[in-house]
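Dear colleague,

Please find below the structure that I am handing over to you. My findings follow directly after it.

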Amino acid sequence: MRHLTKTAALIGAIGMLATPALAIEAKLGHLAPPEDPRHESLELFAERVAEGTDGEISVSIYPNSTLGGERELVEQAQAGITELALVGSIVANFYPAWSIIDMPFLWNDEEHLSAFIESDRAQGWAAEMAEELGFEMLGFFQRNPRILTTRNQPVNSIEDLSGLKVRVPDIQVYTDTWRAYNVEPAPMPAADFYMALRLGMIDGMENPVEVMYHWKIHEVADYLSLTNHMRSGFFFVASKNFMDSLTDEQRAVVQEAAKEAQDYLAQKNAEGAAELLDKLRAEGMEIIENPDISGFVEASRGVHEQYMDVFGRDAYDEAVALGSR
């Protein structure tokens, strides 16, 4: 009997050693429809994670605000309910220093913004955010510049905006910026702006060209003005609880996959902007290619000063200096 007991115990121990690790299932939420290049880049991320971990981690993607709006996604990541999320400037509502990203007419181009994101200061903010707020920054997915669409009023200069109601994200820096442009800002979730334009509840909204096309804004607005007023992006964030649960090898795979997805989206956006504008023209939109932005630039200076205490003058001066290299 003792021999049988020892044999059974040995077989059980061998069986435990041979049992593969349980797969980790991670949810990834974002706002865009599946046609948007954001979704495609996140599919690449999921594939690379599965490949790099031999299937130990599987990522299920939930587009179209299925898991909630941006605020909900961030709060879910903090709580560990949703493991991964791609969210926009809402992050500045949780860590205010990031509002520097959305300062209008601050960044010269993508390289300028990238240089700041990769700076020691920005990386320090990311580390502090993870410790204080419970979600890590895996990457920053840049977008094409934000531009303005309007239903029935072409915008050639800031004077053409007077009295218009423009949808903005529910983020303070956006409402403050558009008030500075003499506009009535209408904060609302991304899921609502198509219908709001269609019903005439708003006169316009601002977003990059990929949103204008893939969200079919040409069906509900006639004009597109290439103001290029902001160079924003998406924070690819992960629950700290989720990241802390991974092995060092798994964490490295997730981080590398995020970098590859980030680079992929940047390439897709750069290649596709001109093509998307042509498609919008073909759909009947009138494109104002060279609006007079001088009034926008001048009004934006006051917004910069208004937020100086939020991110600090040292950070601002560093950001400006990076653009003059």
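**Findings**

His39 sits in helix α2, which spans residues 37-52. Please note that the model is a predicted one. With a relative accessible area of 8%, which is under the 20% limit, His39 counts as buried. Beyond the residues up to four places away in sequence, His39 touches His30, Pro33, Pro34, Ile61 and Pro63.

**The chain as a whole**

The protein chain holds 14 helices and 11 strands. Along the principal axes, its C-alpha atoms fill a box of roughly 95 × 45 × 30 Å. Of the 325 residues in the protein chain, 52% are buried. Among contacts with a separation of 6 or more, 77% are made by residues 24 or more positions apart. The protein chain exposes about 15000 Å², and carbon and sulfur atoms supply 49% of this area.

**The six-stranded sheet**

An open sheet is formed by 6 strands in the order β7-β6-β8-β5-β9-β11, with mixed pairing. Its edge strands are β7 and β11 (residues 286-288), each of which pairs on one side only. From one strand to the next, the twist averages 30°. Within this sheet, strand β5 (residues 146-150) and strand β9 (residues 223-230) pair in the antiparallel sense over 4 bridges. Thr150 has Tyr223 of β9 as its bridge partner.

Ile217 precedes that strand, in the loop between α9 (209-214) and β9. Is Ile217 buried or exposed? Its relative accessibility is 0%, so Ile217 counts as buried. Leaving out residues up to four places away in sequence, Ile217 touches Thr149, Phe193, Tyr194, Leu197, Met205, Val211 and Met212. For one of these contacts, Met205, the position along the chain is 12 residues from Ile217, and the two C-alpha atoms are separated by 9.7 Å.

**Strand β3 and its partners**

Strand β3 (residues 84-87) is covered on both faces. Leu84 and Leu86 on one side are buried, as are Ala85 and Val87 on the other. Which strands pair with β3? Strand β1 (residues 24-29) pairs with β3 in the parallel sense over 2 bridges, and Gly29 stands opposite Ala85 in β3. Strand β10 (residues 233-239) runs antiparallel to β3 and is joined to it by 4 bridges. In that pairing, Val87 stands opposite Phe235 in β10. Strands of a sheet pair through backbone hydrogen bonds, in either the parallel or the antiparallel sense.

**A buried glutamine in a helix**

Gln262 lies in helix α11, which covers residues 248-282. With a relative accessible area of 17%, Gln262 is buried. Apart from its neighbours within four places in sequence, Gln262 is in contact with Gly139, Phe140 and Phe141.

**Loops and surface**

Two asparagines deserve a note on their backbone. Most residues other than glycine have a negative phi. Asn64, however, has a positive phi, near 60°. Asn64 is placed in the loop between β2 (57-62) and α3 (70-79), and at 46% relative accessibility Asn64 counts as partly exposed. The phi of Asn182 is likewise positive, near 65°. Asn182 lies in the loop between α7 (172-180) and β7 (184-187), and β7 is one of the edge strands of the open sheet.

On the surface, Met195, Leu199 and Met201 make a nonpolar patch of about 310 Å². Leu199 belongs to the loop between α8 (193-198) and β8 (204-207). Where does Leu199 stand in terms of exposure, buried or exposed? Leu199 has a relative accessible area of 57%, so it counts as exposed, the limit for that class being over 50%.

**In brief**

To recapitulate, His39 in α2 and Gln262 in α11 are helix residues, and both are buried, at 8% and 17% relative accessible area. Ile217 is a buried loop residue, whereas Leu199 is an exposed loop residue. Strand β3 is covered on both faces, with β1 as a parallel partner and β10 as an antiparallel partner.

With kind regards

Terms used:
Residues numbered from 1 in each chain as written. Predicted model: local features only at pLDDT ≥ 70, side-chain atom pairs only at ≥ 80, totals over all residues. Heavy atoms only, no water. Patch = residues over 30% accessible without salt bridge, like charges linked within 9 Å, V, L, I, M, F, W, Y side chains within 5 Å. Areas by Shrake-Rupley, 256 points an atom, 1.4 Å probe, with all protein chains shown as cover. Salt bridge = Lys/Arg side-chain N within 4 Å of Asp/Glu carboxyl O. Buried < 20%, exposed > 50% of the residue type's maximum accessible area, 1.4 Å probe, protein only. Pairing = 2+ DSSP bridges. Axes fitted to C-alpha atoms, helices over the stretch in contact; angles between N-to-C directions. Contact = heavy atoms within 4.5 Å.
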